[in-house]
Amino acid sequence: MHCVTFEHLGWPQSGSFPCLDGLKTIAYEHVNDNYCDCFDGSDEPGSSACVNGQFYCANKGYTPQHLNASMVDDTFCDCCDGSDEQPGVCKNTCAEAGAAARAALKERAEAEAAGALLKEKYLAQAQETRATWAQEEARLAKSIAEQQGLVDRWKVKHDAVLEQERRQKEKEEAVARKEAERLAQTPVHTPGDDGTTSAAAIVPDVTAPEEPAADHVTTTEAPNTGSESAMDAAEAVLKAAKEAAAEGTAQALNSAPGTDVTPPEEPAADHITATEPANADAKSALEMAAEASHAMNPHEAAKQQEQQQQEQEQAETAEERARRVAAQWIREESTDAPVEEPQEAEEAAGIIEDEAVEEAAAAEEAEEPPAEVVVPKEMLGLGDRFRRAVKAFVRFVPWGPTDPISDAQTIKDKYWKHHNALAELERQQSELRSKLKLDYGPGGEFLALHGKCFEADVDKYVYEICPYKNAAQKDGAAHVSLGTWQGFRDNYTAMAFTGGQHCWNGPQRSMLVTISCGKVEHLKHVEEPSRCEYQAHLTTPAACSSEAARQLQLEVEEAERAIRSHDEL
Amino acid sequence: MEDFKKCTDAAFCNRLLGARDEGYYIDPASVKVFGPAVNAKLLNKATGADFTLTLKAYKGFVRLLVDEDASRKRFEVPGVLMHDLESREGSWVMKAQTSESWQLRCGDAELQLRYSPLQIDISIKGQPVMSFNSRQMFNFEHKRQKQEGDPEGWWEETFKGHTDSKPRGPEGISFDLAFPGMQHVYGLPEHATTLSLKPTVDLADNITSEPYRLYNLDVFEYVADSPFGLYGSIPFLWAQKLGFTVGAFWLNAAEMFVDVGKTDAATFTNWVAESGILDLFLLLGPTPAKVSEQYAQITGTTALPQYFSLGYHQCRWNYRDEADVRQVDANFDKFDIPYDVIWLDIEHTDGKRYFTWDKNLFPDPVKLQEDVASHGRKVVTIIDPHIKRDPGYNIYQEAEQNHYFVRDKDGKDFDGWCWPGSSSYLDMLNPEVRSWWAQQFSLSKYKGSTPNLYVWNDMNEPSVFNGPEITMPKDNLHWGEVEHRNLHNLNGALFHQATAQGLVERGKAVFGSDGDRPFVLSRAFFAGTQRIGPIWTGDNSADWDHLRVSLPMIMSVGIAGLPFNGADVGGFFGNPDAELITRWNQVATFYPFFRGHAHLDTKRREPWLFGEDATRRIREAIRARYVLLPYIYTLFRHANTTGLPIMRPLWYEFPEVEATHGIDDEFLLGPALLVAPVLDAGAESRAVYLPGTGPWYSAKTGEVATPDSSGALSVPVTMDDVPSFLRGGHILPLRERARRSTAAAKHDPYTLLVALDSNGQAAGELYLDDGSSFAFQRGLYAHRLFTFKDGLLSSQELPGTPSRYSTDVAIERIVVVGLRQPASSFSVTEVGSVKVLQAGAGPVVLAEGVPESALVIRKPELPIAGDWSIRLAVTA
């Protein structure tokens, strides 16, 4: 039991004592007598008698503290003045603790002040940047209006050319239909029944001839014939494409508008999708390419794993079995399973990126490709030699254009050039508008973090967070997504990233970055408190405030005054 | 489960389970009595094979031994039987002898040995209780030469691609044991199933489920109701009918299956083991406590645990690094939740090389342990039995050079896979290996360890990821060319024992001759493990089924002589929600071993992570544990001296109440506290059965509980409630102050909670010692006896104890419930003193809303370890 002075509590000094919760009144001599009487523990401020009591340490020279009663008289020193234990048990360490706390406070105050100055710069810069962006937006709006005029003018000419060509094509198609009917009588390979991709499997039905087509070569309209000559031609195309890829001449066709490989369905698209999947069952060309580019694709890997498990166990080596059983416990992907790339499917379905194309082409180089006839997506962007090859193929096709270079072509080129320039301007406008819409904090101070990334080394990993973008864990070349930007949380004291790479049998990875004031941006304390839920802390001047700096400075002065008066006593 | 064998997958079980042979008979001329032993020659008519049979009388039990002649040495389980077993021997009194049988008597028990076919019937006070071979299922596969045309499975068998070469051929043993008039059998752990074992065959001997299997296995995500074998095995079965409780213990460490069949007339059991000998102890009871004592006389009692180890343990696979450990430690203080031990799982090591530390994650383990210990707490590290085959690893290197590893059938060091990858396994059958292993725990050898570090032995079944059934091949060879099949179920206990021995030796080196009690948690266990340390029920799951089954599992292991055990709180696999984790902690308050643990893939689940309400309730559950610790420690002292369980089935205390015999969703903590925890999601009430005539008092209000005439009571519950009842006639010693650890409570005063029986009487005990050393073995302890009778509450030393422990700790509160007159009408005085003690009506627990139903004596300041008496007198 410890003597307490009740001054700080404002309690009566005699008579009866009403428990602070108002539920009971007890005899005054029962207050602080090392026996708990009040439900709220308020009668025992100086002992451990009440399970919910609070003990007050004055901690002169340091900060006063309310301690759980459970820590009073337990032989372990908690208050720096040692008042929670019997005399002689604890050393008074308040002077040291106070000095250290004052030093830390001072440091914090300085950091806050310095950070607050920087924050002013951030705010000014943000204003400037936003003004620039606004100007840029206005400029873009003007350019777009001008460009739209150009496009409109050229569209008239372009459409006239198309009409002319349509008529020409109708004639040619009549010839082609006859040829198709002749070919249809030869045996046709049945597509897709064994899951392998044959030429026929990915070639669509011949319905296109009914549609008015321009001079764009729609390679999806390759004949569904299976004729040897067509196959040969396709192989030649593929071979040429491979060669082109091998020479490193890969180049996106979308940078060369007006070429003759454009789907008629989407004339406005600024990139060229040479073929859509022929039907729902057929694998997209890119998927096939991806298959070729991996030693084993995820489907096959899964299938094979399943098979392995079904097989007699003696087929497993001891090590394999051990790894499988261990994996069962620790739920880890087996080491030879392919690393999941969540975006893969989306990419396959959507925009083709140069990298993917190059990879696919390289893979084809490495291996004998399946017998594809259709010009697959992976051949896009392969440059001149590819286009030549396509043209060679197209020439073979009876209804192909007989004279691709003409004045008409010049008109079309012009139209597409302007069209694409407009699209690019619109893209820039939309990008700028997105940037303008983002939340940069109350005064725009967090705009300074836009486009920046911060890293922290922890063990063998490097953690990287890019505000407004994403977070990742990097281990050499391996790159695991910890989520994409979800915005600020808790009044700009944290940033959230979610929807990262899936944990095996677990959640998608996520990262929560708490923010506090600091002189510089510094990412630290990266932790994974729960499986696949990451946390980190970022200091930044953007989180500083001059008000807080002033407050801290007052605290520093107050602390120094207090210690001077304490020393004088 | 497809990784694991059923009876039909094991050749010996296939041959022997349910197999009858009427041809076993005793040669009448061979029967001889030597003091406690009857010796006879047992023969088989068809094969002509002969065996030795010995029937030995002990005080309270009978031992039946059958073996082949010495030319075929069979394995006998070492180290389990107590050294002083001989001192328990009784002697046979001949009652009658004919050409067909002998009738013998020993104490209350009568035994008839019939010659042909062999049969042994035991009755107690004229009541038949056990019958051996009444169904002629005894088989003993004798030594034979391998011949062309031998049945499949005799000399080799294959399971899931693993071939077991069986150079010794068939050597299985089976027998049937009937329990006349008994409807309930219990025990035979470890299984995740009901306490009263469900039949596995029907009346017509048709198989209705797999037999209960005893084979120590690392079962991934075990299901909550199954007869399959788990991590430990104790071939000890209880059987009960009104007035008679008996037991049967087969000392055999080989793979075993047991069928249970029930008819109106009896419960039949059929036991088969793959090898070893028949060494069967028949325990004659006739009360549950007597059966426990008899079993303890055979295999020993529970080691007196470290006091701290009865507190709350916080474990997780894995506390990542030093900062994580410090953070968790600090949070317990911040949230004012007591705990005693923080645990480090396998990730703390350098590449799963035990006795090492990951230098990045745990750069300064000594400082870390010192900091944790600065609040009286301890650290546990995991030390598993698989040794990484790494020539640069000193443990491997030494063991390899000294030939300390188990060998494969070709004589090479066995190479199996576990956490570190390719591993070898120490041969703990070899005493030299155990002794060498023990030395590794010295502070000088175990770098980074301190006296505040204790140990956890996991995976010691042993778990071998690429072995048959995730364990070791049976034809592996141990010391003395013993095949692994013979000692499989003992393997983990030997490892556990060697580890505990290491801590005993460390304690003596650090603290002198009184030393320091070891604390080593094991997953695998066998008969006798109680002498080493606690076990837990392995890798359970975060669901309500696993919460429910934890009670029968803990009680089943407990009545099998190993009461220091518990289940992972919250469930190892999966993520409990706030309700489940709250309820689980509320149940675990009463687990003999109380540890929260979680799998690597689970979300963090320290007690403060489920919202304010859950944090408060979990805090209360853990604090309730600390309040009960003086009572629980006293229960452990009884387990230590006589072998009584801690968490007890209702029938254990009320065998005379038949309705209790099938209950396993309630239990008693010791004799005095009945708990009917909430085991269902969303419960609004709990159906409780209160046995006997009571009175029972609500532990929450102190008021008398009033069940209906059948003993049933429906108790409304909120998330705060854990229906529990004080048994009239008992006094519980408590420590009510909140503390952060057991060490922090060392000087705290006590409360005595007196619950009167219908005669206004009560009694209780408190065992006191230093809580950590072996000084109690030289009498440095106090064992207090509190009695209340005729208004006089007295404290005295339990007769026959040395009372050589002194403490100045006092009693701060005495609470009496069940007084006939209003509490306000009493005046309380200390006998021999004029001082009137402060007393009056008060609540049984100080909390808002609790009725003032008890007499509360305020600050009597009586010495907890001193003699005194106080008198309650009615003044009005």
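Helices here are DSSP runs of H or I with at least four residues, strands are runs of E with at least two, and both are numbered from the N terminus. With that naming in hand, select B:Pro286, which sits in the loop between strand 21 (278-283) and helix 2 (288-299) of chain B. Keep in mind throughout that this is a predicted model. The peptide bond from B:Gly285 to B:Pro286 is cis, with omega near 5°.

**More backbone oddities in chain B**

Move next to B:Pro117, in the loop between strand 8 (109-114) and strand 9 (119-124) of chain B. Here too there is a cis peptide bond, running from B:Ser116 to B:Pro117, with omega near -15°. Then pick B:Leu188, in the loop that links strand 15 and strand 16 (212-214) of chain B. B:Leu188 is not a glycine, yet its phi is positive, at about 55°. As background for these stops, most residues other than glycine have a negative phi, and most peptide bonds are trans.

**The domains of chain B**

Now colour chain B by its domain assignment: domain 1 is 7-286, domain 2 is 307-641 and domain 3 is 729-876. Put a centroid on the C-alpha atoms of domain 1 and of domain 2 of chain B, and you will find the two centres 33 Å apart. Where these domains touch, 41 residues come from domain 1 of chain B and 42 residues from domain 2 of chain B.

Show the domain 1 side by itself. Strand 13 (162-165), strand 15 (184-187) and strand 17 (236-241) of chain B each give at least two residues to the side that touches domain 2 of chain B. The largest share, 3 residues, belongs to strand 13 of chain B. Coloured by residue class, this side of domain 1 of chain B splits into 21 nonpolar, 11 polar and 9 charged.

**A small sheet**

Stay in chain B and select strands 25, 27 and 26, given in their order across an open sheet of 3 strands with antiparallel pairing. Strand 25 (386-388) and strand 26 (416-418) of chain B are the edge strands, each pairing on one side only. Look along the sheet for its twist, which averages 60° from one strand to the next.

Zoom in on strand 26 and strand 27 (residues 421-425) of chain B, an antiparallel pair with 3 bridges. Which residue stands opposite B:Trp417 in strand 27 of chain B? That residue is B:Ser422.

**A hairpin and its neighbour**

Jump to strand 48 (residues 826-830) and strand 49 (residues 836-842) of chain B, which pair in the antiparallel sense over 2 bridges. B:Thr829 has B:Val836 of strand 49 as its bridge partner. This hairpin has 5 residues between the strands, and B:Gly832 takes a positive phi near 85° in it.

Strand 49 of chain B is also joined to strand 50 (residues 854-863) of chain B by 5 bridges, again antiparallel. Label B:Gly840 and B:Val856 to see bridge partners in this pair.

**Over to chain A**

Select helix 1 (residues 94-184) of chain A. A straight helix of 91 residues would span 135 Å, but this one spans only 97 Å between its end C-alpha atoms. Centre the view on A:Lys155 to find a kink of about 25° in helix 1 of chain A.

Finish at the contact between the chains, where chain A gives 33 residues and chain B gives 29 residues. On the chain A side, helix 6 (318-330) and strand 11 (522-530) are the elements that give two or more residues. Helix 6 of chain A has the largest share, with 9 residues. By class, the chain A side holds 16 nonpolar, 10 polar and 7 charged residues.

Note on methods
Residues numbered from 1 in each chain as written. Chains lettered and ligands numbered in written order. Predicted model: local features only at pLDDT ≥ 70, side-chain atom pairs only at ≥ 80, totals over all residues. Contact = placed C-beta atoms within 7 Å. Nonpolar A, V, L, I, M, F, W, Y, C, P; charged D, E, K, R; others polar. Domains from an automatic or database assignment. Expected span 1.5 Å × (residues − 1). Bend = angle between axes of the 7 residues up to and from the residue. Pairing = 2+ DSSP bridges. Axes fitted to C-alpha atoms, helices over the stretch in contact; angles between N-to-C directions.
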